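Here are a few exercises to work through with your viewer open. Try each task on your own before you read its solution.

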Amino acid sequence: MRNPFRMRASQRSVSDEEFVKLFGAGALDLMSPINDPWGGLVFLRSAPGGGKTTFLRLLTPRPLRLTSQLADANPQVKATNEGLREVGAIETDGPILLGTMVSFTREYKDLAEFDKGNVLFRELVNSRIVIATLRSVLERAERQFPDDLDRIHFQWQPESGATIPAKASGKELFEWASQIERGFYDRMDELGDPAPVKGGHARLDGLKWFAHAEIFDGHGRVEAKRVLLLDELQTLAASQRTSLIEFVTDAREQCGVWIAERLEALTHRDLLSEGALKERDYEGIIQLERRWSGARTKTFGKFVEAIANLRAEKADGFEGRDFFSLIAERDDLSEWQERIEAAIADMEADIVKANGSGNRYDVWIDEARQHRGSVLDRALRWRTTKILVARDSTRAQTSFDFDSLTSAEFDKRGGSGTERAAEHFLRTELGAPIYFGRDALAAVSSFNVDQYLEVAGELFEEITAKIRFHRDKPMPLSPERQDTLIREVAKSRWDGLPRRLPRGYEARRLLEGIGSFCQQQTFRSTAPYAPGVTGIAITMQDRATLIDRPDDEIRHFLGLRDVLTSLVGMNLLVPRLDHQNNNKSYVVFYLNRLLCVHFGLPLGYGGWRAKSLRELVQWQDRGAPEKISEEPTLV
């Protein structure tokens with residue numbers, strides 16, 4: 001049984017029809033804040049695997065047409081069709097959008113050393129815009145590229161000095177662009193020569209031609225909204241990327257331009273400022289992970305669950321089964337009964353000892369003994385009580401307050417956060433599963449589709465193995481096994497960090513320092529930051545030091561700045577600006593949720609502790625911090 005979770009929908013090896021059937025329609029909701037997605041500049045950004053290329057591919061002619069044609073027969077495609085109609089890409093009669101994709105590769109970067117004015121770069125981009133447009137027009141007309149190039153024609157009014165013909169057939173334009181391509185590779189062979197670069201284009205005429213040219217296919221004049229889709233800008237040299245964005249921004253042509261790039265393309269100033277850009281310059285910015293995290297509760301979960309079920313349906317032998325019905329959502333505690341009862345006895349003994357000869361905790365102890373419910377419910381009551389007693393022990397010692405505590409005081413001092421901390425503590429101490437169920441599967445993805453598919457794919461492997469041996473009645477994958485598999489994915493990602501990151505070993509040491517610190521803070525006996533700490537923060541003043549001060553003034557922090565920038569760009573640290581605490585403003589860096597799994601932390605957001613830049617540099621240089629001192633704990 002082929003594992004469909006290993007497929008990447010953006011890859012051309014996946015047919016357009018299969019791609020359309022696998023597309024998660026919920027992704028189109030992310031376009032809702034953009035007023036006019038087809039009339040301005042839109043940035044589509046994410047860490048690797050966020051779904052940028054998949055998004056752009058949907059906007060090209062054949063997937064759009066298939067979405068319209070297959071909508072009546074396929075409920076999932078129907079949802080995609082409706083989403084595209086809402087954003088004005090499809091109407092009743094079919095697609096009204098001409099999406100043309102140009103994908104950049106690292107070959108462009110090789111030019112930068114010699115092509116100081118980016119004139120050869122612009123020439124190559126112009127030719128590839130033309131070729132990509134020819135391909136898109138033929139696809140839209142359901143004709144073959146390049147066989148039918150002589151069936152399409154273009155005309156426009158070029159400005160003085162423009163090289164794209166004013167009137168030409170598709171075949172003639174293809175030959176024009178091909179000459180540029182051939183000339184480009186000839187120049188590349190000669191670039192070792194110190195002589196100045198010859199030729200090139202001063203402007204981005206391809207964009208103006210794309211926006212204004214009249215297009216005629218075998219059916220007449222092509223009337224469609226036009227959107228130029230520029231993918232993988234992070235592969236360009238910094239000067240090329242800047243030049244391209246400036247040309248596109250200044251041109252303000254009456255067509256849509258979508259620029260897709262990984263976060264790694266951004267500078268430290270952009271990333272550590274959450275990529276803040278002027279809205280007057282750009283119609284919109286879709287940072288995929290951030291948009292998902294800011295969406296309505298469970299929106300991302302529903303989106304990726306739909307993708308998971310769509311992929312599971314593609315597997316031979318899995319037809320008619322629901323993926324999530326084969327993932328257990330609850331523990332079977334029968335095997336844990338004896339260990340939980342022993343834990344209850346130990347906790348009761350600890351609390352009674354803390355009570356000593358007094359009666360301060362008598363009511364809490366009696367209520368814990370009388371608590372009814374499953375063995376886990378009783379254990380959680382005792383674990384919550386133990387946390388509250390630890391908090392009170394410190395408080396009572398400083399205030400000399402030894403009055404007996406009431407049931408109402410227990411409720412007042414507890415709360416949902418403390419209860420969640422108690423469960424996390426208890427499961428950790430017992431070695432019981434923590435990371436399981438559909439909600440956890442979505443949470444550990446950190447709003448990244450590729451990360452979700454990697455984890456879900458591991459679970460799917462186990463599920464399909466069960467189906468082979470128990471085809472009629474396969475048992476759901478147990479919480480224990482889910483927890484083990486998710487931890488294995490987290491460990492694999494952790495081990496691979498040095499290979500995936502610039503300054504990889506320094507980056508991993510910094511993450512080790514942050515993760516270990518979060519562990520120490522989370523598992524303090526008083527659970528002061530319930531349900532746990534999953535991030536660190538620096539003051540906005542320290543952030544300004546990193547992004548605004550000249551390099552020669554902060555030489556001792558440059559390495560830290562570079563590492564933080566790469567970790568944010570890879571979605572391993574997630575920044576959130578302007579958190580207020582004690583009249584100070586902070587930027588919080590939360591750990592990627594698979595890193596939380598690696599360090600045994602809760603998956604919720606909220607808990608963080610402030611650190612200085614010097615402390616972070618020490619962690620980057622040395623790794624995990626020394627164990628912190630804390631308030632007195634129960635023996």
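The exercises below deal with a predicted model, and they go from sheets to a buried side chain and then to nonpolar cores.

**Exercise 1. Find the strand order of the open five-stranded sheet and name its edge strands.**

Solution. Start with the order, which reads β4-β9-β10-β1-β11, with parallel pairing. Next, look for strands that pair on one side only: these are β4 (97-103) and β11 (284-287), the edge strands. Now zoom in on one edge: β1 and β11 run parallel and are joined by four bridges. Within β11, G284 is the residue opposite V42. Finally, check the twist: neighbouring strands here are turned against each other by 15° on average, ignoring direction.

**Exercise 2. Work out which strands helix α7 lies across, and its angle to β9.**

Solution. Select residues 205-212 to show helix α7. The helix lies across β4, β9 (225-231) and β10 (256-262). Its direction is at about 150° to β9.

**Exercise 3. Decide why one side of β6 and one side of β8 have no neighbour in their sheet.**

Solution. First, recall that strands of a sheet pair through backbone hydrogen bonds, either parallel or antiparallel. This open sheet has four strands in the order β6-β5-β7-β8, and its pairing is antiparallel. β6 (167-169) and β8 (220-221) are at the edges with a single partner strand each, so each has one side without a neighbour in the sheet. To see one such pairing, follow β7 (residues 214-217), which is joined to β8 by two bridges in the antiparallel sense. There, F216 has R221 of β8 as its bridge partner.

**Exercise 4. Is R45 buried or exposed, and what does its side chain contact?**

Solution. Locate R45 in strand β1 (residues 41-46). Then compare its accessibility with the cut-off: buried means under 20%. R45 has a relative accessibility of 3%, so it counts as buried. Last, look for a polar partner: the R45 side chain makes a polar contact with the side chain of E261, at 2.8 Å.

**Exercise 5. Describe the largest nonpolar core and the surroundings of W258.**

Solution. Begin with the count: the largest nonpolar core has 109 residues, and W258 and F323 have the most contacts inside it. Helix α18 (residues 449-469) supplies the largest share of this core, nine residues. A second, separate core has 48 residues, among them I164, A168, L207 and I215. Then turn to W258 itself: leaving aside residues up to four places away in sequence, the residues it touches include M31, W38, V42, L44, F55, V227, L229 and I286.

Conventions:
Residues are numbered from 1 along each chain as its sequence is written. This is a predicted model: local features need pLDDT of at least 70, side-chain atom pairs count only at pLDDT 80 or more; totals for chains, interfaces and linings use all residues. Side-chain values use heavy atoms; hydrogens and water are left out. Two strands pair if DSSP finds at least two bridges between them. Buried means under 20% relative accessible area, exposed over 50%, partly exposed in between (1.4 Å probe, protein chains only). A polar contact is a pair of N or O atoms within 3.5 Å; within protein, one must be able to donate a hydrogen and the other to accept it, and residues adjacent in sequence count only if both atoms are side-chain atoms. A nonpolar core is a set of buried Ala, Val, Leu, Ile, Met, Phe, Trp, Tyr and Cys residues joined through side-chain atoms within 4.5 Å. Contact means heavy atoms within 4.5 Å. Axes are lines fitted to C-alpha atoms, for helices over the stretch in contact, and angles run from 0 to 180 degrees between N-to-C directions.
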